[in-house]
Amino acid sequence: MTTRININGIIEEDAVVSVLDHGFLFGDSIYEVVSTRGNRPCFLDEHLQRLRRSAEGIALTLPHDDEWFCQQVAFTLGSAGNTESYIRIIVTRGIGEIDIDPSTCHSPCVLIFVTSARIYPREWYENGIHLAVVNTKRNLKDALNPGIKTGNYLNNVLAKMESDRLGAQDALMLNSWGQLAESTTSNFFFVREGRILTPALDCGILAGITRNTVIRLAEENGFLVEEGEWPVEVLEKADEMFLTGTVKQIMPVTRLDGKIIGDGKPGSITRKLIHLYENLLKGLG
Ligand code: PLP
């Protein structure tokens, strides 16, 4: 496993970020995680578009254009030379006074972190994971909008710790109105009577790139997909559940709060979507 860290266009062996960087002090940063196929980045254009939207969301001007990001990602990937990689692009507010006011930060710090691909245990895909509905609510949309992918993930960290205490592999968060929202680093889907359902963006969730791709693939293959607002009780009649995310891809969920879903195995629609998604990725490699 080789890790390479590119800071502002230079790969540094002992990369460090200043303790006065507002990304470190206040979580004042944005980021993207990108996966690879054939060690080439997947959906990089979509990730860069979302990075730009996140930058707008926190009134941060990105110091480089997309071409620069593409070149630096390729340069860092090539330098690491892994078979498949995990890429994290981080843009922080930069160094400033030890004060919340970002106007003292004049130069954002751009980090491109590349290491070998993270892989979840195969049995999680074969048997599905256990998800726990946690008390920690997803951030309010008009407080810290979950649609902006900021480096301030404490909300999700607390939810993950809660799910760990409950003996589950991940957490399902609700929003402050008790509606289904999302998991800590993934979007949530469930299947009821053959229809694929997922919380709407208005529920206060990240517009996941995998979520969008799965919705498109499902619709192209004749499935009915509905985005909506649902209370957690709707899951009592769910036949299948799964999570989507760049690293996880499509992860079946077979237990919710200790209760078995369907026959306790990944459902047929989930398996079909995994197959379609895998074929799509193969085409990118
Ligand atoms: N929701 C949250 C909170 C996330 O952090 C992520 C990914 O990091 C996702 C959803 C899934 O997004 P994507 O499919 O773009 O990886």
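1. Let's start inside the protein: R50 and E32 are both buried. Keep in mind that this is a predicted model. The two side chains form a salt bridge, with 2.8 Å between the closest N and O atoms. R50 belongs to helix α2 and E32 to strand β3, so the pair ties together parts that sit 18 residues apart in sequence.

2. R93 and D28 tell a related story. They also form a salt bridge, and the closest N and O atoms are 2.8 Å apart. R93 is in the loop between β5 (85-92) and β6 (109-116), while D28 is in the loop between α1 (22-26) and β3, so this pair ties together parts 65 residues apart in sequence. Both R93 and D28 are buried.

3. Now for a pair inside one helix. K160 and D164 meet through their side chains in a salt bridge, at 2.8 Å from N to O. Both lie in helix α5 (residues 154-165), four residues apart, or about one turn of the helix. Are these two buried or exposed? K160 has a relative accessible area of 29%, so it counts as partly exposed. D164 is partly exposed as well, because its relative accessibility is 44% and the partly exposed class runs from 20% to 50%.

4. On to the domains. The domain assignment splits the protein into domain 1 (4-116) and domain 2 (122-284). Their contact draws 20 residues from domain 1 and 20 residues from domain 2. Taken over C-alpha atoms, the centres of the two domains are 26 Å apart.

5. How much area is buried between domain 1 and domain 2? The value comes to about 1,600 Å², with carbon and sulfur atoms giving 61% of that.

6. If you want to look at specific links across this boundary, there is one salt bridge between domain 1 and domain 2. E278 and R37 form a salt bridge, their closest N and O atoms being 3.0 Å apart. Between the two domains there are also six residue pairs in polar contact, counting pairs with both residues at pLDDT 80 or more.

7. Which elements give two or more residues to the side of domain 1 that touches domain 2? They are β3 (29-37) and α2 (44-57). Strand β3 gives the most, with eight residues. By class, this side of domain 1 has nine nonpolar, six polar and five charged residues.

8. Last, the overall tally: a search of the whole structure finds twelve salt bridges.

Technical notes. Residues are numbered from 1 along each chain as its sequence is written. This is a predicted model: local features need pLDDT of at least 70, side-chain atom pairs count only at pLDDT 80 or more; totals for chains, interfaces and linings use all residues. Side-chain values use heavy atoms; hydrogens and water are left out. Domain bounds come from an automatic or database domain assignment. Contact means heavy atoms within 4.5 Å. Buried area is the accessible area (1.4 Å probe) that two parts lose on being put together, summed over both. A salt bridge is a side-chain nitrogen of Lys or Arg within 4 Å of a carboxyl oxygen of Asp or Glu. A polar contact is a pair of N or O atoms within 3.5 Å; within protein, one must be able to donate a hydrogen and the other to accept it, and residues adjacent in sequence count only if both atoms are side-chain atoms. Ala, Val, Leu, Ile, Met, Phe, Trp, Tyr, Cys and Pro count as nonpolar, Asp, Glu, Lys and Arg as charged, and the others, Gly among them, as polar. Buried means under 20% relative accessible area, exposed over 50%, partly exposed in between (1.4 Å probe, protein chains only).
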